[in-house]
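Good morning, and thank you for coming. Today I should like to walk you through one structure, beginning at the place where its chains meet.

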Protein chains: 2
Amino acid sequence: MTGPEIAVDRSSPVPLYFQVAEQFAAAIQRGELAPGDRLDSELQLADRLGLSRPTVRQAIQHLVDKGLIVRRRGVGTQVVRGEVRRGVELTSLHDDLARAGRQPSTSVLELATVACPVEVATALDVTAGSEVQHLRRLRFADGEPLAVMENWLPLHPVRLTLDALQARGLYAILRAAGIRVRGAQQRIGARAATGAEAQMLGERRGAPLLTMTRTAYDDHGRYVEHGAHIYRASRYSLEVTVAER
Amino acid sequence: MTGPEIAVDRSSPVPLYFQVAEQFAAAIQRGELAPGDRLDSELQLADRLGLSRPTVRQAIQHLVDKGLIVRRRGVGTQVVRGEVRRGVELTSLHDDLARAGRQPSTSVLELATVACPVEVATALDVTAGSEVQHLRRLRFADGEPLAVMENWLPLHPVRLTLDALQARGLYAILRAAGIRVRGAQQRIGARAATGAEAQMLGERRGAPLLTMTRTAYDDHGRYVEHGAHIYRASRYSLEVTVAER
DNA sequence: GTCAATGTGTTGTCCTGACATTCGGCCGGG
DNA sequence: CCCGGCCGAATGTCAGGACAACACATTGAC
């Protein structure tokens, strides 16, 4: 067992452990490393790649966190059986659709500065009534309505414009403004569509909707966005992968 | 800033980094470390606790993964603003309810060995038609119907019994049998209840249901369970926390 | 007074080394 | 033939050190 060909570039600014992790992930995706296959031991890999064991270990840990491989003490490291699917990371719907080969488009229903409602204020950890940007968008995939997304953002960081919102996802705009979203808490549920919602989404009144509220924080630990979204359950579902330890 | 009192027990079999992480998590939960508070630097902590920096770092990384704190290079480490809620880990509904102070109970509708359906076979990575255990349960919280859960398990590992299923969650049974569930892939959606489903759950036909399918793997990378679950959307929702890096 | 350069403190990455723990197969005894 | 103990191999944990990259505040130049 020598495994896939992996080479690191020490002159690259990309961390070595990340280079290794990416190349293993690619090999698994290509099928070069089949489900159930054993990887070389950490010591062998370190030797082969000219890296130290901690660096190799960090790379492997990265893949374990993504649910691609499994480690067993005293035994070794194996690729998880069955096909792996990408779970929800901190991407916007826009990017998700684009990656799935579908054409995203957006109609901005509302974009204004408003006094922050109480529920949103508690989620964003700001004082109720303070000014926040409020945003409501109808999202399409291949011209077909898919979701209604409502977002609130504290004013400080970035000024949203209509043009930007029609061309890109919210998270891409935030990233471009230097805001690094690091994590989020999400609540996923379902409910029946109201008449108005049904009309916007092209469903019947009472049709099941998938709901998600999300509060995202940046690397200051500050909440930068709160969203309440509804999706047509007939056209959309969420994927989540969980890995422990 | 000296932070909360933390002491490690070197004679304990619990890893040092885990002891540290748990005590910080507890301090945050107690409010002793308030949202936005800065932690001591890694070097200060290492010095104060008599540990090496890698160990302290591992503890902090653990908390970052759980979405409790945020790190910024060149600046420091802070507690995430706002209250944090526990996300879906690899626990069963049974445990979740018990922790929330509600009384879980289970009615086993079906428990048999069957030929594996094709969709399940692909998910579990076994050959279609091979024998698997099939399980269907109606779950209650405080005596009120909450969910219908259907599971399939490859035969090998553990033999399920009716008694065990009524007293404990599926994951607890698996754990007791020495199976260590390490990760899972989940798909979350919604749909309308059929007449039969509505009757079981005490909802009206067409009422929105939250659906989740989950495939869980153990530390061999083998899939050990596939489940298709429906929840009353009016009584249940899922929480997910995501953290990057 | 404004703006650029510098300095300090912090996390990010990477290294070497060591021992503990666990698993699973080998081998020998009964 | 079966079973138990031994042992090698792999991951898990921990130490201590070094330098890089980065953010922020301070200082200095213009």
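Let me start with a term. A polar contact is a pair of N or O atoms within 3.5 Å; within protein, one of them must be able to donate a hydrogen and the other to accept it, and residues adjacent in sequence count only if both atoms are side-chain atoms. Please also keep in mind that the model before you is predicted.

With that term in hand, how many residue pairs are in polar contact across the interface of chain A and chain B? The rule finds 15 such pairs, with both residues at pLDDT 80 or more.

Which elements of chain A touch chain B? Those that give two or more residues to this side are β1 (69-72), β6 (181-192), β7 (208-218) and β9 (238-243) of chain A. The largest share comes from β6(A), which supplies twelve residues. Sorted by character, the residues on the side of chain A that touches chain B are 20 nonpolar, twelve polar and 15 charged.

Charged residues bring us to the salt bridges. Between chain A and chain B the count is two. A:Glu239 forms a salt bridge with B:Arg187, and their closest N and O atoms are 2.2 Å apart.

Let us now consider the extent of the interface. In contact with each other are 47 residues of chain A and 47 residues of chain B. The area buried between the two chains is about 4500 Å², and carbon and sulfur atoms give 50% of that area. A:Gln185, A:Arg187 and A:Val242 supply 13% of the area that chain A buries against chain B, more than any other three residues.

A:Gln185 also leads us to the strands. Its bridge partner in β9(B) is B:Thr241. Six bridges join β6(A) to strand β9 of chain B, residues 238-243, and these two strands run antiparallel.

This pairing belongs to an open sheet of seven strands, in the order β3(A)-β4(A)-β5(A)-β8(A)-β7(A)-β6(A)-β9(B), with antiparallel pairing. Why is one side of β3 of chain A, and one side of β9 of chain B, left without a neighbour in the sheet? These strands stand at the edges and each has a single partner strand, so one side of each has no neighbour there. From one strand to the next, the twist averages 15°.

Finally, I turn to the β3(A) edge. β3(A) pairs with strand β4 of chain A, residues 131-141, in the antiparallel sense over eleven bridges. Within this pairing, A:Leu111 stands opposite A:Leu135 in β4(A).

Thank you for your attention.

Technical notes:
Residues numbered from 1 in each chain as written. Chains lettered and ligands numbered in written order. Predicted model: local features only at pLDDT ≥ 70, side-chain atom pairs only at ≥ 80, totals over all residues. Heavy atoms only, no water. Contact = heavy atoms within 4.5 Å. Buried area = accessible area lost by both parts, 1.4 Å probe. Salt bridge = Lys/Arg side-chain N within 4 Å of Asp/Glu carboxyl O. Helix = DSSP H or I, 4+ residues; strand = E, 2+ residues; numbered from the N terminus. Nonpolar A, V, L, I, M, F, W, Y, C, P; charged D, E, K, R; others polar. Pairing = 2+ DSSP bridges. Axes fitted to C-alpha atoms, helices over the stretch in contact; angles between N-to-C directions.
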